[in-house]
Amino acid sequence: MKVILVVDDDATNLRTLGELLRPDYRVRLGGSGEDALRIARSEPRPDLILLDVMMPDMDGYEVCRQLKQDSATRDIPVLFVTAHHEAQEETRGLDAG
């Protein structure tokens with residue numbers, strides 16, 4: 001079964017996404033950027049990461065940059081979860097990896 005890591009600092013978003021995905025995927029949840037890095041580096045590695053952009057302490061862009069710099073996690077696809085739709089935000093996501 002494919003593993004999806006969902007990272008969001010909002011507990012409601014985590015719960016909702018987890019419930020939507022669980023019938024078809026093994027879901028791991030993280031509430032912070034530090035959680036994301038720790039879980040992504042542990043076994044089993046996620047097949048996909050759904051990553052909130054706006055989080056305290058470490059935003060999703062920084063998490064993605066760190067994941068893409070690590071040989072153990074650089075090939076994991078990351079999809080940003082955000083309400084932003086401006087071209088500048090899309091560019092930041094692409095620049096992060």
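**A walk through the helices, strands and cores**

Visitor: Welcome me in with helix α3: which of its residues are buried?
Guide: Gladly, and please keep in mind that this is a predicted model. To count as buried, a residue must have under 20% relative accessible area. In α3, the residues that meet this are G60, Y61, V63, C64, L67 and K68.

Visitor: How wide is the arc into which the buried residues of α3 fall, seen down the axis?
Guide: The residues in question are G60, Y61, V63, C64, L67 and K68. They line one face of the helix, because seen down the axis of α3 they fall within an arc of 160 degrees.

Visitor: At the start of α3, which backbone nitrogen does a side-chain oxygen of D59 reach?
Guide: Look just ahead of the helix, which covers residues 60-69. There, a side-chain oxygen of D59 comes to within 3.1 Å of the backbone nitrogen of Y61.

Visitor: What kind of aromatic pair do the rings of Y61 and F80 form?
Guide: The count of aromatic pairs comes to one. Its ring centres are 5.3 Å apart and the planes of Y61 and F80 meet at 55 degrees. Planes under 30 degrees apart would count as stacked and over 60 as edge-to-face, so this pair is tilted.

Visitor: How many residues apart along the chain are the two partners, Y61 and F80?
Guide: Y61 belongs to helix α3, whereas F80 sits in strand β4 (residues 78-81). Y61 is buried, at 2% relative accessible area, while F80 is partly exposed at 25%. The pair links distant parts of the chain, its members being separated by 19 residues.

Visitor: Now to α1: on which strands do its buried residues pack?
Guide: The buried residues of this helix (residues 11-21) are L14, G18 and L21. Their arc around the axis is only 75 degrees, which means they are on the same side of α1, while E19 and L20 are exposed on the other side. The buried ones pack against β1 (3-7), β2 (26-30) and β3 (48-52).

Visitor: Which residue caps the N-terminal end of α1?
Guide: Follow the backbone nitrogen of T12, which has a side-chain oxygen 2.8 Å away. That oxygen belongs to the capping residue, D10.

Visitor: Is R15 buried, partly exposed or exposed?
Guide: R15 is found in helix α1. Its relative accessibility is 46%, and the band between 20% and 50% is the one that applies. R15 therefore counts as partly exposed.

Visitor: Which element gives the largest share of the largest nonpolar core?
Guide: This core has 15 residues, and those touching the most other members are L5, V7, I49, L51, V63, L67 and V78. The elements that give two or more residues are β1, α2 (33-40), β3 and α3. Four residues make up the largest share, and they come from α2.

Visitor: How many residues are in the other core, the one with I4, L21, V27 and L50?
Guide: I4, L21, V27 and L50 are among its members. It lies apart from the core of 15 residues, and its own count is six.

Visitor: To finish, which residue in β4 is the bridge partner of I49?
Guide: Four of the five residues of β3 are buried, so β3 is largely enclosed by the rest of the structure. Four bridges join it to β1 in parallel, with I49 as the partner of L5. β3 also pairs with β4 in the parallel sense over four bridges, and there the partner of I49 is V78.

How values were computed
Residues numbered from 1 in each chain as written. Predicted model: local features only at pLDDT ≥ 70, side-chain atom pairs only at ≥ 80, totals over all residues. Heavy atoms only, no water. Buried < 20%, exposed > 50% of the residue type's maximum accessible area, 1.4 Å probe, protein only. Arc of directions from axis to C-beta. Contact = heavy atoms within 4.5 Å. Polar contact = N/O pair within 3.5 Å; in protein donor to acceptor, adjacent residues only side chain to side chain. Phe/Tyr/Trp six-rings, centres within 6.5 Å; stacked < 30°, edge-to-face > 60°. Core = buried A, V, L, I, M, F, W, Y, C linked by side-chain atoms within 4.5 Å. Pairing = 2+ DSSP bridges.
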